[in-house]
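Please open the structure in your viewer and keep the selection tool at hand. Each stop on this tour suggests what to select and then says what is there.

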Amino acid sequence: MAVRGRAVETLPKLMRSLRKDSASSTVTRTPALPSLRRAFSLYDQINLIDNVPDDQLRFQRYTETGFTVNGINYEGSLLCVGNLVTSWGPRKFSEITPQSLSIFQIIRPIPEILILGCGRYIEPVDPELRRFIRSTGMKLEALDSRNAASTYNILNEEGRIVAAALLPYGVSS
């Protein structure tokens with residue numbers, strides 16, 4: 001945010017400077033504009049490869065039957081909230097019910113988004129399950145488990161309060 005704030009402060013000064021330069025210039029060439037891409041980039045703040053804090057969960061690998069999180073292999077389905085990981089009961093998509101996600105009725109703070117890893121393929125989410133998730137105050141994003149793990153990594157590294165309920169990649173309906 002600090003980089004973006006500096007860029008927002010600097011932009012009007014840069015525009016005035018460019019206008020002055022072009023008004024005082026007797027040459028009819030177009031001045032080259034500096035690139036603002038770097039000023040508005042969050043790349044300096046978010047490094048998705050290195051420097052991940054030890055206490056932060058990071059999915060490093062997925063297999064047909066489980067996941068590798070922070071160097072530890074887990075078999076079966078996982079439920080992750082913030083920086084906590086636990087084994088999760090459902091073995092196939094049809095077993096994901098409001099009861100299997102009932103932990104979100106008591107956990108605080110409520111994650112802003114639940115990433116649902118459906119296995120190998122994205123599955124349509126039951127309207128009852130959608131209503132339950134919405135009633136907890138979370139948004140829902142249903143993805144295949146490979147992309148769900150990657151999305152969790154990105155959102156968690158941004159510092160957002162995020163949860164993931166993931167079936168192994170080998171699961172298909």
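The tour goes through the strands, then a helix, and ends inside the nonpolar cores.

Before you begin, keep in mind that what you see is a predicted model.

**First stop: two hairpins**

Select strand E1, residues 59–62, together with strand E2, residues 66–69; E1 and E2 pair in the antiparallel sense over three bridges, and they form a hairpin with three residues between them. If you look for the partner of Arg61 across this pairing, you will find Thr68 in E2.

Now add strand E3, residues 72–75, which runs antiparallel to E2 and is joined to E2 by four bridges. Here Val69 stands opposite Ile72, and the hairpin of E2 and E3 has two residues between the strands, with Asn70 taking a positive phi near 50°.

While E2 is still selected, ask yourself whether its faces are covered or open. Both faces of E2 are covered, since Gly66 and Thr68 on one side are buried, and Phe67 and Val69 on the other side are buried as well.

**Second stop: the five-stranded sheet**

Next, select strands E4 to E8, and follow them in the order E5-E4-E8-E6-E7, in which they make an open sheet with mixed pairing. Strand E5 (84–87) and strand E7 (139–143) stand at the edges, and each has a single partner strand, so one side of each is left without a neighbour in the sheet. From one strand to the next, the twist averages 15°.

Zoom in on strand E4, residues 78–81, which pairs with E5 in the antiparallel sense over four bridges; within this pairing, Cys80 has Val85 in E5 as its bridge partner.

With the sheet still in view, add helix H4, residues 145–157, which packs on the sheet and touches E4, E6 (113–117), E7 and E8 (162–166). The direction of H4 makes about 155° with that of E6.

**Third stop: the cores**

Finally, show side chains and select Trp88, Ile96, Leu101, Phe104, Leu114, Leu116 and Ile133, which are the residues with the most contacts inside the largest nonpolar core, a set of 22 residues. The elements that give two or more residues to this core are E4, E6, helix H3 (127–136), E7 and E8, and H3 supplies the largest share, three residues.

Which residues does Ile133 contact, leaving aside its neighbours within four places in sequence? They are Leu101, Leu114, Met138, Lys139 and Leu140.

A second, separate core has 16 residues, and you can pick out Phe59, Phe67, Ile113 and Leu155 among them.

How values were computed
Residues are numbered from 1 along each chain as its sequence is written. This is a predicted model: local features need pLDDT of at least 70, side-chain atom pairs count only at pLDDT 80 or more; totals for chains, interfaces and linings use all residues. Side-chain values use heavy atoms; hydrogens and water are left out. Buried means under 20% relative accessible area, exposed over 50%, partly exposed in between (1.4 Å probe, protein chains only). Two strands pair if DSSP finds at least two bridges between them. Axes are lines fitted to C-alpha atoms, for helices over the stretch in contact, and angles run from 0 to 180 degrees between N-to-C directions. Contact means heavy atoms within 4.5 Å. A nonpolar core is a set of buried Ala, Val, Leu, Ile, Met, Phe, Trp, Tyr and Cys residues joined through side-chain atoms within 4.5 Å.
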